[in-house]
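The exercises below take one protein model and work through its empty spaces, its helices and a few of its loop residues. Each task is followed by a solution that goes step by step.

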Amino acid sequence: MNTVCEDGKKFLENLSGSGKAIGVLTSGGDAQGMNAAVRAVVRMGIYVGTKVYFIHEGYQGMVDGGKHIVEAKWQDVSSILQVGGTVIGSARCKDFRTREGRKQAAHNLIKHGISNLCVIGGDGSLTGANLFREDWKGLLEELIEEGTIDERVAHTYSHLNIVGMVGSIDNDFCGTDMTIGTDSALHRIIEVVDAIMTTAQSHQRTFVLEVMGRHCGYLALVSALACGADWVFIPESPPGEGWEDQMCQKLTETRSQGTRLNIIIVAEGATDRGGKAISSNIVKDLVVKRLGFDTRVTILGHVQRGGTPSAFDRILASRMGVEAVVALLEASEETPACVVSLSGNQAIRVPLLECVQMTQEVQKAMEERKFAEAVKLRGRSFENNLNTYKSLSHKPKEEQPPSNFNVAILNVGAPAAGMNAAVRSAVRTGIAQGHTMFAITDGFDGFIKGQIKEIKWGDVGGWIGQGGSLLGTKRTLPAKNAEAIAEQIRLHDINAILLIGGFEAYLGLLELSAARAKCDEFCIPMVMVPATVSNNVPGSDFSIGADTALNAITDTCDRIKQSASGTKRRVFIIETMGGYCGYLASMSGLSAGADVAYIYEEKFDIRELQSNVEHLTGKMKTSVQRGLVLRNENCSENYTTDFIYQLYSEEGKGVFDCRKNVLGHMQQGGSPSPFDRNFGTKISAKAMQWISNKLTETYRQGRVFANSPDTACLLGMRRRTLVFQPVEELKNETDFHHRIPKEQWWLKLRPLMKILAKYKISFDVSDAGQMEHVDRRLVRDFQSSITI
């Protein structure tokens, strides 16, 4: 069937799965989010008309056949989105490694008409899948010779299509920025670190945490970055000679600055340069012997694999599952086995064999003790994480020459989790570059009143895990008090400004830029880093704080759905924040498995509300007797949360009853998620590097003078790249009345939620099907990947 329309666009409804069957299995170690991936594959497969089969217990179930291969129904994957692990089981399988075992597996698949396989697992599982595909024709020939199948059957299932999704908490697979389960594992680690910090401070203790990562230090490295650990040990970057003295000196310096605790993170596969293991107990004994500090060891173990998947992992797995089904429908005999991957915020496909080969190259480099090469092979994101951690955790020596530049930082707008991590990163990066850093409290209010003071390296210790804004933040804009602000810039000799905030910060930067025409004081480099739960800043796909808010909403929805499981036949209407931006409602709807999410950007009327009620009425006749409806706070002036609640209550009489919940400011609170800590840390460090460059470029005749548009910028993530964009150029992309960008990338994901909730809807898959190669992606500039 032709899937491409005249305008070149390709739509899902033109892809037919009729007569096809897909088998889905999870293999290797379990990872949170695997169930979300299974759910997406099953529902998307059924949606396009294919049969979908669970293959229980991984490859072992494929070899054993029988009751292990079962057709999946729509309701079979209800209530698994929030469940950790894998409900269809996973197992190591020696039999599949033999040709005889693979032949038996092929026969079992053919019995059910399966010639499309979706494998969710690590590199071993995906390598096995690729080998299976390469052997397929030979296996069928052997089955014909044995008389097990005839040539007609062999012709019908002549080739096996394979699509992989990487489920691994270690994030050790080349070809994707993030693997399913990694973000959730980071959540578990950071929850433990945050809990340990309170007891460590109480007793002035040092804690040594051992995290998973036998061959890959990603979890250790990113958790160290996300909690501001004093020291980290990872396999890819073993410490050099004399590390014992250096570490003890660092711990001593930290204590001398008044800090009451130390955190050291050790990956389970950590070694020194000679290959000798560095265990958590070795580190503990060293600290006790050398420094006499009260020291404890915590080994997290399988806690990291457990628990509820994060919002990020649910959305990632749901997107990957849908993309995997589309890839299988489009596959032919010539199509190479591929892995559905994440690059920035884009879902792409990469050849499975290339990913496996590159992953094996990393291991080879480590075995040959070529550690610098191993770090580079891990990818630019890994290398950038390592460099950022080193620069922020080790204070530069006092003898470093000062730059004679003063840089001011302020938070503007509503508080967002991760703001403090961003401030800490900016302060320390600035100091490392020789600048004197100034903190402005209470946003532009404080700027006007002169609430400006120098902030030093030690002042931001412990800030990274704090929610809200420790600097204080207000919504006041600067234009009406430009002269008072100019006076403070003169008084404190401020040479550059970093704003961290949401839409008010964007408006504030526009006003400061416009004020250059009247006041030379504003002719200095100015840059903004987006931080708002609403994720409504033009010029950036992501804002600091939005991920934490998504997790808060998703967690609440989970609890609400759980309460409904006891009462049955209940629909919940939940109001989320976001102003006129529907990001929170849409993405939390996808991560929580909502039936519908009403947003301003997608107009709806009474007919659609009625259609949704009918849809839920039909759902109550199935075994899934609950509903979840999300509403963005400003989605409609007239269709308020109360109106929708009353409409649903009236129309659902006798079938279901309703409850409503306005989540309010809980979405702005709480400790920042690992993503927001890491994103805030890296984007602010990059912003400070830009400021340093611009200060050097614009310093002439003893003063800084910067009045070109490219010296007042917003730093945002665009698709896969961190980009500095002059705010003047962003005006045309902005709907100022509704405080949102005119185009928003996540709107393309809206149909996914409806498809997975069993609505018939048009879905543009024009971006799908683009195969990328691993080697080209690895050589991109480090700014191309800021995903944690």
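**Exercise 1.** How many cavities of 30 Å³ or more does the count come to?

Solution. Begin with the ground rules: this is a predicted model, in which local features need pLDDT of at least 70 and side-chain atom pairs count only at pLDDT 80 or more, while totals for chains, interfaces and linings use all residues. Residues are numbered from 1 along each chain as its sequence is written, and side-chain values use heavy atoms, with hydrogens and water left out.

Next, fix the terms: on a 1 Å grid over the protein atoms alone, a cavity is a set of points where a 1.4 Å probe fits but cannot get out, whereas a pocket is an open set with protein on both sides within 12 Å along at least five of seven lines, and lining residues have an atom within 4 Å of a point. Grid points are joined across faces, edges and corners, and a volume is the space filled by probe spheres set on the points. By this rule, there are three cavities of 30 Å³ or more.

**Exercise 2.** Describe the second largest cavity and its lining.

Solution. Its volume is about 250 Å³, and 20 residues line it, with F312, I315, F542, Y583 and W745 lying nearest its centre. Two or more lining residues come from each of α10 (311-330), α18 (546-567) and α19 (583-592), where helices (H or I, at least four residues) and strands (E, at least two) are DSSP runs numbered from the N terminus. Of these elements, α10 gives the most, with five residues. Sorted by class, the lining of the second largest cavity holds 14 nonpolar, four polar and two charged residues; here Ala, Val, Leu, Ile, Met, Phe, Trp, Tyr, Cys and Pro count as nonpolar, Asp, Glu, Lys and Arg as charged, and the others, Gly among them, as polar.

**Exercise 3.** Describe the largest pocket in the same way.

Solution. The largest pocket encloses about 1100 Å³ of space and is lined by 42 residues, of which G29, R92, G122, D123 and G124 lie nearest its centre. At least two lining residues each are supplied by α4 (123-145), β6 (206-211) and α11 (352-367), and the largest share, six residues, comes from α4. The classes divide into 12 nonpolar, 18 polar and 12 charged residues.

**Exercise 4.** Why is α19 described as largely enclosed by the rest of the structure?

Solution. Buried means under 20% relative accessible area, exposed over 50%, and partly exposed in between (1.4 Å probe, protein chains only). In α19, 10 of the 10 residues are buried, so this helix is largely enclosed by the rest of the structure. Just after α19, G593 takes a positive phi of about 75°. For α14 (residues 419-432), which has 14 residues, 13 are buried, and G434, just after this helix, has a positive phi of about 90°.

**Exercise 5.** Examine Q701 and R739 for backbone angle and exposure.

Solution. Most residues other than glycine have a negative phi. Q701, although not a glycine, has a positive phi of about 50°; this residue sits in the loop between β22 (699-700) and β23 (703-704) and is exposed, with a relative accessible area of 86%. R739, also not a glycine, has a positive phi of about 55° and lies in the loop between β26 (734-735) and β27 (740-741), where R739 is partly exposed at 28%.

Conventions: Expected span 1.5 Å × (residues − 1).
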